[in-house]
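Please find below a short note for a colleague beginning to read protein structures. The points are numbered so that each may be checked in turn.

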Amino acid sequence: MEVIVADKAGFCFGVEKAVNTAFSSCKEYAEKGIPVYTYGDIIHNEEVIERLKSAGAMRLDDIDDLSDKEKAAVIIRSHGVSREEMDRIKATGSIVIDATCPFVSHIHKIVDEKSKNGTVIIIGNHNHPEVEGTKGWCNSEPFIVSDEKDLDLLPEISDTEITVVGQTTFSLQKFQYLVELLQKKYYNINVCKTICNATEDRQRETAELARKVDAMIVIGGKSSSNTQKLYDISRSICKNTYYIQTLVDLEGTSFESFGRVGITAGASTPNYIIKEVIERMSEMSFEEMLNNEEEVQIRTGSRVEGTVVSVKPDEIIVDIHYKSEGVITRNEYSSQPNLDLTTVVNVGDPISAKVIKTNDGEGQVVLSTRRIEAEKAYTKLEEAFNNEEVLSGKVVQVLSGGLSVQVDACRVFIPASLVSDNFERNLEKYLDQEVEFKLIECDIAGRKKRIIGDRKQVVSKKKAEAAKELFDRIEVGQVVEGTVKNVTDFGAFIDLGGADGLLHISEMSWGRVESPKKLFKVGDTVKCFIKDINGEKIALSLKFEDDNPWLKAEEKYAKGTVVTGKIARMTDFGAFVVLEPGIDALLHVSQISNERVEKPSDKFKIGDEVTAKVVDFKASEKKISLSVRALLQEEETEAEEEAAEEVQEEAPVAEEATEEVTEEVAEETATEE
């Protein structure tokens, strides 16, 4: 067997710089008694991270944890961090050791400058540490594009200068493809080719090597983006591609039928791991592998049948008819945390499982039943994808970019943009809820599964069906009942079960409404009637004709009637008085007093109660005119009449007195005579 190793395999310049910086810092500050932290993972390789732990570097996940430390040294990961995170770390007084890859730092400078007066588009993987860090150096909100679907979500931004940068480890071929689509969508684009040269060379070399060999081994961390790209490229060319992290992952894999085996490695893979794999592959002769095959009757990834011989709360021991027994841990049996296995499995039960490792270090074979169930579930998902079936699952986790939905033993990711037909700001409400969706992507061939769901199209279809059913049965004038969905300053949107209707502020009452938010809140049930239907727009009203106050107004507010109301609003020419909800009357400035009044506000304020006389009523125009002056004049007239009556009542008394005096005088005269 011939083993061919890629020239560019292993640490790139940026990673090597970051790792060397980290190890030298551990040594330097350990001697000074200063604790050393790495903010997140220094690189995406578990082996290196474990070695750093042994060297004394502790992982820091939350900057706030530094507040209690007197003094510490913090190493910035090779992927870089946001400007805000960098400032917060410096503000704690910690010693900052910046191990950011120079290529990444260059991108930070580009987006910092270009985002001040323009728009930045970052082509890369959502939630990747490098992308998150780059976002943090933008002065305006950037757009992240990882695939063609993201392009459809971009708004109209042609009126600004657009700068495009790429994640340094992103697929060059995919970057170029997405740039071509962006250039067709926008004309004012400035493309900065920021994919690392080492990444570009490594991807090209991997493709060339995969065409020459019978099998490929790609070495790298499970969370390494650039290693995953190498695997995807190799797998697309060479079907027999294996993704491993260390030599242990090759255990049980047979290469006896391969004449040529190629080896490449991600940028975060240490040279000693690559060397171990090369040495192991080189020393394996065809005869040794044949002997191993005869000796080993089970392989990693194979399925075995067995019988339960022992059960503990956290593990199951299985007789698999092999020289050693198999063990199934709680995590490899069920996704349910803290499950007591003694409650679900009994000794003597038959069991099917998949081999994970042929030797766990203690002579036992590590098995998994979850992975058997996962394979069944993956098959089910693939069939549903091909048949465009609607699936149902429970939301088990709310992520920053969407929802994680459990379907049997598999997880399906629904991006936030595809959760609903409307933008959902709070996804937490979906946690533990059962949701329906369709699969728009189902890639289960590779080691890293990619299963994407779309709830938006299911919701949209159901709404369209409900809307059709609603419009088929409603008509103008019909009384309907719905739920308040949203309240604005101009009205309330009512969910009628298939479509929303607008209850405008002017249709909420026969009286004046200051604010819809004082009358309604989201979730209220409202009974109203349909005032108008215009295409897909439904206008609603609460102004039922039976409640129209103007029906009896002509009789109730006839000319000459004295009424009392409250001042609702004022203008320079008069004050409007509310007699009852829905009926306003005008008190003209000339009718406020017997004296001259310049403006109503000189005599009244909003809310004052006023008693006046109806001096005019126009039913056709729904206008009522009031007068306080007329009422005052009546009162003056009545006062004068009362005074006159009193004078008349006193007059006869005077006459009688005069008559008496006259009689007395007459009697006196007669006596004298």
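1. In this predicted model, Asp-602 and Lys-599 form a salt bridge, with their closest N and O atoms 3.5 Å apart. Asp-602 is partly exposed, at 45% relative accessibility. Lys-599 is likewise partly exposed, and its relative accessible area is 36%.

2. Another salt bridge joins the side chains of Glu-621 and Lys-623, at 3.6 Å from N to O. Glu-621 has a relative accessible area of 43% and is partly exposed; Lys-623, at 49%, also counts as partly exposed, because exposed requires a value over 50%.

3. The pair Asp-524 and Lys-521 should be read with attention to its surroundings. Their side chains meet in a salt bridge of 3.3 Å, N to O. Which of the two classes, buried or exposed, applies to Asp-524? With 18% relative accessibility, Asp-524 counts as buried, because the cut-off for that class is under 20%. Lys-521, by contrast, is exposed, since its relative accessible area of 55% is over 50%.

4. How many salt bridges does a search of the whole structure find? The search finds 37. Some charged residues are linked in a network of salt bridges, namely Asp-147, Lys-149, Glu-441 and Arg-450. As a general matter, side chains of opposite charge can pair when their charged atoms come close.

5. The nonpolar interior deserves separate comment. The largest nonpolar core contains 23 residues. Those with the most contacts inside this core are Leu-381, Leu-403, Val-405, Ile-414, Phe-437 and Leu-439. Two or more residues are contributed by each of helix α13 (370-387) and the strands β18 (390-399), β19 (402-407), β20 (410-415) and β21 (434-443). The largest share, 5 residues, comes from α13.

6. Val-405 illustrates how such a residue is surrounded. Leaving aside residues up to four places away in sequence, Val-405 touches Gly-393, Lys-394, Val-395, Cys-410, Arg-411, Val-412, Ile-414, Val-435 and Phe-437. Apart from the core described above lies another core, of 22 residues, which includes Ile-567, Leu-579, Ile-624 and Val-628.

7. Finally, the pairing of two strands may be examined. Strand β10 (residues 215-219) and strand β11 (residues 241-244) run parallel and are joined by 4 bridges. Ile-219 has Ile-244 in β11 as its bridge partner. Between these strands the chain passes through helix α9 (residues 225-237), and the resulting β-α-β crossover is right-handed.

Technical notes: Residues numbered from 1 in each chain as written. Predicted model: local features only at pLDDT ≥ 70, side-chain atom pairs only at ≥ 80, totals over all residues. Heavy atoms only, no water. Core = buried A, V, L, I, M, F, W, Y, C linked by side-chain atoms within 4.5 Å. Buried < 20%, exposed > 50% of the residue type's maximum accessible area, 1.4 Å probe, protein only. Contact = heavy atoms within 4.5 Å. Pairing = 2+ DSSP bridges. Right-handed = clockwise from strand over helix to strand, strands pointing away. Salt bridge = Lys/Arg side-chain N within 4 Å of Asp/Glu carboxyl O.
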